[in-house]
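Dear colleague,

Please find below the structure we discussed, together with its sequence. My notes on it follow.

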Amino acid sequence: MEKQCHCHKTKQRDEAEVKKLLNRLNRIEGQIRGLKKMVESDAYCPDILIQAAAAGAALNAFNKELLSAHIHTCVVTDIKEGREDTVDELVDTIQRMMR
């Protein structure tokens, strides 16, 4: 099977999924703005580190949600349609996320 280029793929998301993902990203954006303010106001290092860890955990939660949606929709659909190279793409994506 010829390997397809995945560089131009898009995904139609339903309104509920978009809203859920954007809400998470908005919260993360707020956390990052809060971190910037903490640095600008000379906050205590451990306080900044704890907030940074919380922002990192929020971003990880976003990634888990998006990855789950991707597997349940795109990956399943591609495999059902015989595009098993999608599994290689998924493995590559996960490996890149874990760097």
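Of the 99 residues in the protein chain, 16% are buried. Please bear in mind throughout that this is a predicted model. The protein chain exposes about 7800 Å², and carbon and sulfur atoms supply 57% of that area.

Overall architecture

The secondary structure of the protein chain consists of three helices and zero strands, which gives the pattern α-α-α when read along the sequence. The radius of gyration is 18 Å, whereas the globule rule gives 13 Å for 99 residues; the value is well over that figure, so the protein chain is more spread out than a compact globule. The C-alpha trace spans about 55 × 30 × 20 Å along its principal axes. As for contacts between residues at least 6 apart in sequence, 63% of them join residues at least 24 apart.

Helix α1 and the nonpolar patch

Helix α1 covers residues 15-40. A nonpolar patch of about 290 Å² lies on the surface, formed by Val18, Leu22, Leu25 and Leu59. Helix α1 provides the largest share of this patch, with three residues. One residue of the patch, Leu22, is located in helix α1. Leu22 has a relative accessibility of 45% and therefore counts as partly exposed, since that category lies between the 20% limit for buried residues and the 50% limit for exposed ones.

Glutamine 31

Helix α1 also contains Gln31. Which residues does Gln31 touch, leaving aside those up to four places away in sequence? They are Ala54, Ala55 and Ala58. With Ala54, the C-alpha to C-alpha distance from Gln31 is 8.1 Å, although the two are 23 residues apart in sequence. Gln31 counts as partly exposed because its relative accessibility is 25%.

Cysteines

How many disulfides does the structure hold? The number is zero. A disulfide is a covalent bond between the sulfur atoms of two cysteines. Two cysteines may be described by their accessibility. Cys45, at 54% relative accessibility, counts as exposed, because the exposed category begins over 50%. Cys74 has a relative accessible area of 21% and is partly exposed; the buried category would require a value under 20%.

When you view the model, I would suggest beginning with helix α1, where both Leu22 and Gln31 are found.

With kind regards

Technical notes: Residues are numbered from 1 along each chain as its sequence is written. This is a predicted model: local features need pLDDT of at least 70, side-chain atom pairs count only at pLDDT 80 or more; totals for chains, interfaces and linings use all residues. Side-chain values use heavy atoms; hydrogens and water are left out. Patches are made of residues with over 30% relative accessible area and no salt bridge: like charges are joined within 9 Å, nonpolar side chains (Val, Leu, Ile, Met, Phe, Trp, Tyr) within 5 Å. Accessible areas come from the Shrake-Rupley method with a 1.4 Å probe; for residues, only the protein chains shown count as cover. A salt bridge is a side-chain nitrogen of Lys or Arg within 4 Å of a carboxyl oxygen of Asp or Glu. Helices (H or I, at least four residues) and strands (E, at least two) are DSSP runs, numbered from the N terminus. Buried means under 20% relative accessible area, exposed over 50%, partly exposed in between (1.4 Å probe, protein chains only). A disulfide is a pair of cysteine sulfur atoms within 2.5 Å. The radius of gyration is taken over C-alpha atoms; the globule rule is 2.2 Å times the number of residues to the power 0.38. Contact means heavy atoms within 4.5 Å.
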